[in-house]
Amino acid sequence: MNDKLHLAPIHNPRRAIDVGTGTGLWAVDFAEAYPNTTIIGTDLSPIQPGPRPPNLTFEIDDCCSDWVYPKNHFDYIHIRALYGSVADWPKFYEDCYDHLAPGGYIEQAEVNPVPKSDDGSIVPGDPFDQCGRLAVRAGEAFGKSLMVETFMQDDMAKAGFTDVVKTTYKWPIGSWSNDQRLKDLGKWNLLLWQQGIEGWTLRFFTKHMGVCDPHIANPVQQRRGPS
């Protein structure tokens, strides 16, 4: 996103919420950028940092349960990486709509879990393709789709949101790109995959798909070859 915290054309919103805030780092940056905005970051796990801007509060909350905030309360709702976390997306977007003030904005950033390639190097049966498609099937078996990126625009519109815009970015895995910015992003994303892939997939695959082979759950290792 070219170092932007958001794409929505917001200007000093009064109240904002970061749904599924995770580590809370985005919420901290947003709070520092908008010191006059009251911000809430919600998550199931209290893993957020202790020091925080005075206009930011973290709360333990399940976004799939009934929302505890007043209707028409927030001027900006931010969502990121909730794929695989919500069973009923239409209801979730309806809740967002009900709690967004007239004229407010909702913004969601998600990834497609099935890697693709510009040059056709990822073909059916490739480790990345195999892992991604297995993850999609596991999500369906789990009852929480990982493919929200493909339908969130339509579901938002059905919930009542207008002027819904979708912007797509490339997120390389590795430093293969000739573009320096994409090369740098790819280096960091490769590290993310190397450190996170087993945590993302092993229990997910073994419990819901009956897959016990760790190599299937680690396409990065397969691409690099045996150690």
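The protein chain exposes about 13,000 Å² of surface, and carbon and sulfur atoms supply 52% of that area. Accessible areas here come from the Shrake-Rupley method with a 1.4 Å probe, and for residues only the protein chains shown count as cover. Before we go further, please keep in mind that this is a predicted model, in which local features need pLDDT of at least 70 and side-chain atom pairs count only at pLDDT 80 or more, while totals for chains, interfaces and linings use all residues. Residues are numbered from 1 along each chain as its sequence is written, and side-chain values use heavy atoms, with hydrogens and water left out.

Let us take the overall form next. The C-alpha atoms of the protein chain fill a box of roughly 55 × 40 × 35 Å along the principal axes. The radius of gyration of the protein chain is 19 Å, which agrees with the value near 17 Å for a compact globule of 227 residues. This radius is taken over C-alpha atoms, and the globule rule is 2.2 Å times the number of residues to the power 0.38. Of the 227 residues, 41% are buried; buried means under 20% relative accessible area, exposed means over 50%, and partly exposed lies in between (1.4 Å probe, protein chains only).

How is the chain put together? It has 6 helices and 5 strands, and from the N terminus on they run β-α-β-β-β-α-β-α-α-α-α. Helices (H or I, at least four residues) and strands (E, at least two) are DSSP runs, numbered from the N terminus. Among contacts in the protein chain with a separation of 6 or more, 59% join residues 24 or more positions apart; a contact means heavy atoms within 4.5 Å.

Now walk in from the N terminus. Asn-12 sits in the segment before β1 (15-19), and its phi is positive, about 50°, although Asn-12 is not a glycine. With a relative accessible area of 56%, Asn-12 is exposed. Further along comes helix α1 (residues 25-33), whose buried residues are Trp-26, Ala-27, Val-28, Phe-30 and Ala-31. These buried residues pack against β1, β2, β3 and β4.

One of those strands, β2 (residues 38-43), holds Gly-41. Gly-41 is buried, with a relative accessible area of 0%. Leaving aside residues up to four places away in sequence, Gly-41 touches Asp-18, Thr-21, Leu-56, Thr-57, Phe-58 and Glu-59.

The loop between β3 (56-60) and β4 is home to Asn-72. At 44% relative accessibility, Asn-72 counts as partly exposed. Which residues does Asn-72 touch, not counting those up to four places away in sequence? They are Asp-98, His-99, Leu-100, Ala-101 and Pro-102. For the last of these, Pro-102, the C-alpha atom is 6.8 Å from that of Asn-72, although 30 residues separate the two along the chain.

His-99 shows you the other side of that contact. This histidine is found in helix α2 and counts as buried at 3% relative accessibility. Not counting residues up to four places away in sequence, His-99 touches Trp-67, Tyr-69, Pro-70, Lys-71, Asn-72, His-73 and Phe-74. Just ahead of α2, in the loop between β4 (74-80) and that helix, you will find Ala-81. Ala-81 has a positive phi of about 55° although it is not a glycine, and at 43% relative accessibility it counts as partly exposed.

Helix α2 (89-99) also helps to receive a later helix: the buried residues of α4 pack against α2 and β5 (100-109). In α4 (residues 148-159), the buried residues are Val-148, Glu-149, Met-152, Asp-155, Met-156 and Ala-159. Seen down the axis of α4, they fall within an arc of 105°, so they line one face of the helix. The arc is that of the directions from the helix axis to the C-beta atoms. An α-helix has 3.6 residues a turn, so residues three or four places apart point the same way. After α4 comes Gly-160, with a positive phi near 120°.

A last stop is Ala-141 in helix α3 (residues 127-142). Ala-141 touches His-208 and Met-209, not counting residues up to four places away in sequence. By contrast, the C-alpha atoms of Ala-141 and Tyr-76, 65 residues apart along the chain, are separated by 33 Å.
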